Amino acid sequence: MTQQAVNQPFTLAILADIHGNLAALEAVLDDLQTQAYDQLIIAGDLVMNAPYPAETLALIRSLQAQTLFGETDRAVVAAGKGNSQHALACWTAEQLGADGLAYLESLAFSHLITPSQSAPARDELLVVHATPTEVGAFLILQPNALDARCSALTPEAEARALLGQVRTSLIIHGHLHYASTGFVGEQQVVSVGAVGFPFDGKHEAAYALANWDGVRWEIKHRRVPYDYAGVIAAMMRIGQPDASTMAQRLRSASWCSQLS
């Protein structure tokens, strides 16, 4: 985990689940130029699933933003070491090369922000890819009918276990590919939508802004249109593994493409 203290007021821009979708990332960064914010954090799942992983990672690295790893980033690293037969992960690792894989492997699991040096722990914000304890687990506080993995609430005992010992004002995560908010006991948890592969039935790229006003954190979700059809065409033209499946997920903006 990395952590920092910041002055207040403070606004954090949170991007997650880019998944190699360069066009979506570029659209979000263009939109960010119209917003007032103090810091950018990228919450994992950076490069795997869309056709331009190397170009996407190069742009991410140029931002010099605090960046976390997601479960697909770890899958790509494993493939680069010969520890996976997942075709898309192996293809993505080949596109990145040794330097890109080393960068992915160096990323942090979580990032903690304290609004001021003297702020109590309850005012802190923790950013993770999925949960504070597991990078690939699903913590569902608002169900999503378009994703079979997220169609039912996480039982409270399981949800508490996934939070571990974290007790902050707010936990923000990606991984679900849709915006949601809820509580586990008194712990507020918010998921941000996906930049590269939204699974809420809307094609626009998603990200969020978290603003600390000196008293509380306030979340604003934003959506940004981009040429998703062009990304689908590139998938098919390049011939990346699983191109048809990933194209249908972009086309339907859902995990369960049969519901589109």
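In this predicted model, helix α1 is largely enclosed by the rest of the structure, because eight of its 11 residues are buried. The buried positions are Leu22, Ala24, Leu25, Ala27, Val28, Leu29, Asp31 and Leu32. An aspartate, Asp31, is thus listed alongside leucine, alanine and valine residues. The buried residues of α1 pack against five elements: the strands β2, β3, β10 (205-212) and β11 (217-224), and the helix α2.

The loops on either side of α1 were examined next. His19 sits in the loop that runs between β2 (10-15) and α1. This histidine is buried, because its relative accessibility of 2% falls under the 20% cut-off. Its backbone has a positive phi of about 55°, although the residue is not a glycine. On the other side of the helix, Asp38 occupies the loop between α1 (22-32) and β3 (39-43). Asp38 is exposed, with a relative accessible area of 52%. Apart from neighbours within four places in sequence, Asp38 is in contact with Pro9, Phe10 and Thr11. Asp38 and Asn211 are 173 residues apart in sequence. In space, their C-alpha atoms are 9.5 Å apart.

Asp45 lies in the loop between β3 and α2 (53-63). This aspartate is buried, with a relative accessible area of 1%. Asp45 is not a glycine, yet its phi is positive, at about 55°. Residues up to four places away in sequence aside, Asp45 touches Asp17, Ile18 and His19. Its contacts also include the run Phe69, Gly70, Glu71, Thr72 and Asp73, as well as His129. The contact with His19 joins two buried residues. Each of the pair has a positive phi of about 55°. Asp45 and Ala16 are 29 residues apart in sequence, with 6.8 Å between their C-alpha atoms.

Further along the chain, Asp123 is found in the loop between β5 (110-114) and β6 (125-128). Asp123 is buried, with a relative accessible area of 16%. Beyond its neighbours within four places in sequence, its contacts are Pro115, Ser169, Trp212 and Trp217. Trp212 falls at the end of β10 (205-212), and Trp217 at the start of β11 (217-224). Both strands pack against the buried residues of α1.

Val166 belongs to the loop between α5 (156-163) and β7 (170-173). Val166 is also buried, with a relative accessible area of 17%. Residues up to four places away in sequence are not counted among its contacts, which are Leu126, Pro132, Ile171 and Gln187. Leu126 is part of β6 (125-128), and Ile171 is part of β7 (170-173). Val166 and Arg122 are 44 residues apart along the chain. Their C-alpha atoms are separated by 9.9 Å.

Cysteines were considered for cross-links. A search of the whole structure finds zero disulfides. Cys90 is partly exposed, with a relative accessible area of 22%. Cys150 is buried, at 0%.

The overall fold was then described. The chain holds seven helices and 11 strands. Its radius of gyration is 17 Å, close to the 18 Å that the globule rule gives for 260 residues, so the chain is as compact as a globular protein of that length. Along the principal axes, the C-alpha trace spans about 55 × 40 × 40 Å. Of the 260 residues, 55% count as buried. Sequence-distant pairing is frequent in the contact list: among contacts between residues at least 6 apart in sequence, 70% join residues at least 24 apart.

The surface and the charges complete the account. The chain exposes about 11,000 Å², and carbon and sulfur atoms supply 49% of this area. There are 15 positive and 25 negative charges. The mean positions of the two sets are 3 Å apart.

How values were computed
Residues numbered from 1 in each chain as written. Predicted model: local features only at pLDDT ≥ 70, side-chain atom pairs only at ≥ 80, totals over all residues. Heavy atoms only, no water. Helix = DSSP H or I, 4+ residues; strand = E, 2+ residues; numbered from the N terminus. Rg over C-alpha atoms; globule rule 2.2 N^0.38 Å. Buried < 20%, exposed > 50% of the residue type's maximum accessible area, 1.4 Å probe, protein only. Contact = heavy atoms within 4.5 Å. Areas by Shrake-Rupley, 256 points an atom, 1.4 Å probe, with all protein chains shown as cover. Lys, Arg positive; Asp, Glu negative; His and termini not counted. Charge placed at Lys NZ, Arg CZ, Asp CG, Glu CD. Disulfide = S-S within 2.5 Å.
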